Each structure stands twice: as structure tokens, then as C-alpha cells.
Amino acid sequence: MRVNGMIYIRNASQVVTVAGASDTPKTGDDMGQLHVIENGGVVLEGETIRFVGSDKEAQHYVDSKAADGDEVTVIDASGKLVTPGLVDPHTHVVFAGSREFELDLRLKGATYMDILNAGGGILYSTARTREASEAQLVEETRKRLDRFLAHGVTTVEAKSGYGLRLEDELKQLRAARVLNEEHPVDLVSTFMGAHAVPPEYKGDPSAFVRLVTEEMIPAVARERLAEYCDVFCEEGVFTPEQSRSILEAGKKWGLKPKIHADEIVPYGGAELAAEIGAVSAEHLLRASDEGIRAMAEAGVIAVLLPGTAFFLMTKPANARAMIAAGVPVALSTDRNPGSCPTESLPFIMNLACLSMRMTPAEVLTACTINAAHAIGRADRIGSIEAGKQADIVLFDAPNYMYLQYHYAVNLVDTVIKKGRPVIVNGKRVDG
């Protein structure tokens, strides 16, 4: 559907704006404040939201602004829920191959680290990604982004980390750049060369850390392929000291720090995130009480991944403790080939309610404005406010609570990306 002029989304059962948090992410009780407009309307023009309010007010705005002969496309949202486009702030979406065989191993008792130490896990994906061309990575990833879009996700963060050598890390990031230019979903790139120690450096991880800090990070920065630098700070992967050196090197080259922290054991990752001024700490299944308090004081966003805990059959992060402590919480799929192979952020929202006891309102905040903060985009996406980018989702749901009640199905009806309908009646349309 090609649209010129104004789009008027009319008569929505609810418009959830999630307004009022573009300067800082929502914390505590404020995560439950969604700013819901019953019987609402939204007006878009070009790539921008122009008006949001009651449907009567929106109709008046359209009548006052549309000159004679101007084209106004009306989208009837009767009985539907309108939200900001969903934002996924933690994915490993660019890779080659899959690891379905690992599910059987885990069901027979193998742990994540058992599989990694046997050459599976990240290292298996590294081998497949190294073998793939940039064009192959683009085409495999394009299909995943199509599925994200069909589930209402309009922006994703994309980490590297399956190359683990310079040319292949650059290849992943270049593939992400191509897709950001070509695909409706916006990609925000993160360099994660320190995702694991590759086999060729197994006996000398310090040498690999030097490769990351002295060669990979400068090359990524010079080519402007990423905004963020991430590291897997975990027992058996990278120590807190090694992680600090990697993130500090990234900061010197203008890459903002993120950190995979305390996923498998309490390892001081949350504390390090606070000390180093990380934008976000991610996973946090085993974060200490001290680490949670430090994150709250430093304003570090917790990006929680309940789908990963679900798929690995382990206890999820303590979201309630983090929210009570004042940590801003975001949610993500962690889309990757091993520990969370799904593009359904709505299902992750369901899990956040059912496994971490987050409320439906907190969950929607975590997947919109707080997720936008986690990737530095809250000034333009994550809420429905005049002047922001026109990323909008219409769900076949009467209210926001219904999204979490009617779980594990795709309720997306329409997705509008930068003012252009790209999913209509649940199906992809050409723009």
C-alpha cells in the first residue's frame, strides 16, 4: 500500500501512547503508567506523528488541516488496540545456520556451558557464519526481519559476535548495515567481537582480548559500523577485568558500552555495568542484590530476556526486585540460533508476565519506550507523541491487557513503519 498525504487512524478501542518518558526511561511505579486514550485517534503525515487524542479531536484535526483535494487515508481501528511500534533492544539476528540439535542435548541434561565447551553453542554458529558470504547473511537475516515485522517489531538492535575474527565481524556488521538501508525494520548495530573465545585462541584468551581491543574495535569504529560495544562477562568466557578493558577500549573509540552480565552465575557483571557507565546490562538471571542496587543508582537499563530462560529451562531474572529497586527494565527476544530462536516479541511479553510477574502495563513500557532508551532512540520512537517517527502497531485486541491474556498467538493486524503501512490484515504489503 502506497500512501501519500495524511493517514488518520480512527476510532481505536484504545490508543496506548506510553508518553512522557523521552528524556529518561520509566522506573518503578511509572512503568505502569501507559497514558491510555479510550476511543482514540492518531494522525500521521509523511514519516511523522502529527496528532494523538480522542477520536473526536483527531477528526477535528484532520478537518482543520486537510485542504481541499488533499488525500487522507483512513484506517478504521474499531475494536483494535493501537500502540507504538515494538522495539527489540537485544538480538543476535545476523548469523548463518541453526542449532536445533542442541535442544535434544539439553533435554538429556547438557548445560549451556557443556555444549559451548564441546565446540557447540556460539562456536558452532561461528563456524557457519565464517563460511557464509555477506550476501548469504543478508538473505538469511532478511527472513528473520520479515518475521519480526509481522509480530509488530519495527526496530531491533543487532549484535555481531559470530565471526570472532576481524573480517567476519566486519562482515556481520556490514550485512546489518545493508539491511538497515533496505528493510522496513530499523537496525541499530552493536559490536560484540567478545562473544566467546574462538578455538584458535582457546589457550591464550588474553591474546584474543588484545585482538578485540587493538584491531577489531578500531576497525569497526573507523568504518562506523556500530554504535555500541558489548562483551559476554561470564565465568568461563570473559572475566570482569577482561570485560572492563574491552568496554573501556570501545569507549575510547566512541562505542557506548553494553554488557552481557550474570547470566549463568553471579559474576559481578551488574556491578561492572554500573561502574563503567553502561547503557544497559543484559540477561541478569543471577545478578546480585548489590549489583541491582548499583544499576539503579547509575541508571543502567536492565534488558531482560525471559525467552532465553524459558528455552534453557532455567529460572528467569528477578524483574520484580529490579523494578522495586528503581532499575529501568526493558525486554527483548535475544533472537539467536541457540538459546532463543524466536522473533515473537509478543510471546516474550507473555512470558514476562507469566514467568517474571511483570504486569501487562510494565511489559508494554518495557517493549516500547524503555527499549528505545536502551538503544538510544527514545527521542524518536517508543511512544505515540506528536513529532515522533510514525511507527505504529494495530492489534486485534480490545485493550492492552488482552495482549497478555490471549497468549502465544500473533494478534498483529497492521504495522505502520515511518508512516507507511507495511503489514495490513496480518500480511506484508509492498510500499
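A search of the whole structure finds 7 aromatic pairs, where rings of Phe, Tyr and Trp (its six-membered ring) pair if their centres lie within 6.5 Å. One of them joins Phe208 and Phe238, whose ring centres are 6.2 Å apart and whose planes stand at 25°, so this pair is stacked; planes under 30 degrees apart count as stacked, over 60 as edge-to-face and the rest as tilted. Phe208 belongs to helix H7 (residues 205-222) and Phe238 to the loop between S9 and H8, so the pair ties together parts that are 30 residues apart in sequence.

The model is predicted: local features need pLDDT of at least 70, side-chain atom pairs count only at pLDDT 80 or more, and totals for chains, interfaces and linings use all residues. Residues are numbered from 1 along each chain as its sequence is written, and side-chain values use heavy atoms, with hydrogens and water left out.

**The parallel sheet**

Helices (H or I, at least four residues) and strands (E, at least two) are DSSP runs numbered from the N terminus, and two strands pair if DSSP finds at least two bridges between them. An open sheet with parallel pairing is formed by 8 strands in the order S6-S7-S8-S9-S10-S11-S12-S13. Strand S6 (86-88) and strand S13 (329-331) are at the edges with a single partner strand each, so one side of each is left without a neighbour in the sheet. From one strand to the next, the twist averages 25°. At the S13 edge, strand S12 (residues 301-304) pairs with S13 in the parallel sense over 3 bridges, and Ala302 stands opposite Val329 in S13.

**Helix packing**

Axes are lines fitted to C-alpha atoms, for helices over the stretch in contact, and angles run from 0 to 180 degrees between N-to-C directions. Contact means heavy atoms within 4.5 Å. Helix H8 (residues 240-252) lies across strand S8 (186-194), strand S9 (228-233) and strand S10 (256-261), and runs at about 175° to S9.

The axes of H8 and H9 come within 11 Å and cross at roughly 30°. H8 is therefore roughly parallel to H9, a term for angles under 35 degrees (over 145 is roughly antiparallel, 65 to 115 roughly perpendicular and the rest oblique). Their crossing is right-handed, meaning that the near helix is turned clockwise from the far one by less than a right angle, whereas an anticlockwise turn is left-handed. Pro240, Ser243, Arg244, Leu247, Glu248 and Lys251 of H8 make the contact with Leu272, Glu275 and Ile276 of H9. By class, this contact has 4 nonpolar, 1 polar and 4 charged residues; Ala, Val, Leu, Ile, Met, Phe, Trp, Tyr, Cys and Pro count as nonpolar, Asp, Glu, Lys and Arg as charged, and the others, Gly among them, as polar.

Helix H9 (residues 269-276) and helix H10 (residues 289-298) have axes that come within 8 Å and cross at roughly 20°, and they are therefore roughly parallel to each other. The crossing of H9 and H10 is left-handed. Ala270, Glu271 and Ala274 in H9 meet Glu290, Gly291, Ala294, Met295 and Ala298 in H10, a contact with 5 nonpolar, 1 polar and 2 charged residues.

**Further strand pairings**

| Strands | Sense | Bridges | Opposite residues |
|---|---|---|---|
| S2 (residues 36-45) and S3 (residues 48-54) | antiparallel | 6 bridges | Gly41 and Gly53 |
| S1 (residues 6-16) and S5 (residues 81-84) | parallel | 2 bridges | Val15 and Val82 |
| S5 and S14 (residues 392-395) | antiparallel | 4 bridges | Pro84 and Ile392 |

S2 and S3 form a hairpin with 2 residues between them, and Gly46 in the turn has a positive phi of about 60°.
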